[in-house]
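Welcome! Let us walk through this structure together, one part at a time.

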Amino acid sequence: MKTILEIKNICKTYQSKEGEILALDNIHFRVKEGEFVSIIGPSGCGKSTLLSIISGLEEKTKGEIYIENKKVEGISEEVGYMLQKDCLLEWRNIWSNSILGLELKGKLDEKNKSYVENLLKKYNLYDFRNKYPSELSGGMRQRAALIRTLATKPKILLLDEAFSALDYQTRIMVTNDIYSILRKENMTAIIVTHDISEAISMSDRVVVLTKRPGKVKDIHTIDFEMENRNPINVRESPKFSGYFNTLWKELGVDE
């Protein structure tokens, strides 16, 4: 697989009354096309800040971002971003929520409308296209939010604690659902999460950051060597607890 994203020597410094605060220090890793990468680390280590920098919503202090070997400055149309809340507009039905990104980008032509319609059919939301967000379950809302993001055809999807607002049982089912959709769409994804189990169950690799200033402490390859892998069935694998213990210990060790 080719490298689709390179985060190269990213640093982020904030100004405060006490002086400069270094939030991220020399972050460097690559992501391959179609790969799932999770970022975990102690609270306040800069995980969400890093996603905001990759998306172009926040400026970096130093370093470079490359997408398909092209240097990126600012917001890129190649990147989609899902936040902690689904951010569906309650006064718009599911269809009009799904095409919102295309409307904002001036790309709401018949070809793209057909693409969104097919996504809704493919992922069992077409029959609910005239419903409003308040009429959907939490899992269906997340699916609708994902389709809205996929509608603009990004090459890279960023998810910032995208399932944290859901109860535990729904969260597991939704991660399974979203994982399946992203795999079918061959989407490259970077996920920030506080949940070690979620990181293991969804990822090909897990990037561990240190406490602030966030640095790359280690990168772990996750391989369950099974067909039809999904976030539910890997939790039953004997290897799951081994990965969990390794990451738990690593998060608990200060440098």
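**A turn, a sheet and two cores**

In the hairpin formed by β4 and β5, 2 residues lie between the strands, and E68 takes a positive phi near 50°. Keep in mind as you look around that this is a predicted model.

From that turn we can follow the strands on either side. β4 covers residues 62-67, and its antiparallel pairing with β5 runs over 3 bridges. Within this pairing, Y66 has K71 of β5 as its bridge partner, while I65 stands opposite V72 in β5. β4 also pairs with β1: the two run antiparallel and are joined by 5 bridges. Here the bridge partner of C11 is K62 in β4.

Now step back to the sheet that holds these strands. It is an open sheet of 4 strands in the order β2-β1-β4-β5, paired in the antiparallel sense. Strands of a sheet pair through backbone hydrogen bonds, either parallel or antiparallel. Which strands stand at the edges? They are β2 (19-32) and β5 (70-72); each has a single partner strand, so one side of each is left without a neighbour in the sheet. From one strand to the next, the twist averages 30°. Helix α1, residues 47-55, lies across β1 (3-16), β2 and β4, and runs at about 120° to β1.

Next, let us turn to the interior. The largest nonpolar core has 33 residues, and the members that touch the most others are L146, L159, F163 and L182. At least two residues of this core come from each of α4 (110-122), α5 (138-150), β7 (156-160), α6 (168-184) and β8 (188-192). Which of these elements gives the most to the core? It is α5, with 6 residues.

F163 is a good place to pause. Leaving aside neighbours within four places in sequence, F163 is in contact with Q142, R171, V174, T175, I178, E198 and M202. There is also a second, separate core of 25 residues, whose members include I39, I67, I156 and L209.

Another residue to visit is L119, found in helix α4. Is L119 buried or exposed? Its relative accessible area is 2%, and since buried means under 20%, L119 counts as buried. Apart from neighbours within four places in sequence, L119 is in contact with I147, L150, A151 and E185. The C-alpha atoms of L119 and A144 are separated by 9.7 Å, although these two residues are 25 residues apart along the chain.

Our last stop is the aromatic rings. A pair of aromatic rings is described by the distance of the centres and the angle of the planes. The count comes to 4 aromatic pairs. One of them joins F36 and Y179: the ring centres are 5.2 Å apart and the planes are at 70°, so this pair is edge-to-face. F36 belongs to strand β3 (residues 36-40) and Y179 to helix α6, so to speak of distant parts of the chain is fair, with their positions 143 residues apart. F36 and Y179 are both buried.

F224 and Y243 make another edge-to-face pair, at 5.4 Å centre to centre with 80° between the planes. F224 lies in the loop between β10 (216-221) and α8 (238-251), and Y243 lies in helix α8, so the pair ties together parts that are 19 residues apart in sequence. Both residues, F224 and Y243, are buried, and with F240 they form one aromatic cluster.

Finally, look at the ring of Y126. The charged end of K121 sits over this ring, 4.9 Å from its centre, and R129 lies over the face of Y126 at 3.9 Å from the ring centre.

How values were computed: Residues numbered from 1 in each chain as written. Predicted model: local features only at pLDDT ≥ 70, side-chain atom pairs only at ≥ 80, totals over all residues. Heavy atoms only, no water. Core = buried A, V, L, I, M, F, W, Y, C linked by side-chain atoms within 4.5 Å. Buried < 20%, exposed > 50% of the residue type's maximum accessible area, 1.4 Å probe, protein only. Contact = heavy atoms within 4.5 Å. Pairing = 2+ DSSP bridges. Axes fitted to C-alpha atoms, helices over the stretch in contact; angles between N-to-C directions. Phe/Tyr/Trp six-rings, centres within 6.5 Å; stacked < 30°, edge-to-face > 60°. Lys NZ or Arg CZ within 6 Å of the ring centre and 35° of its normal.
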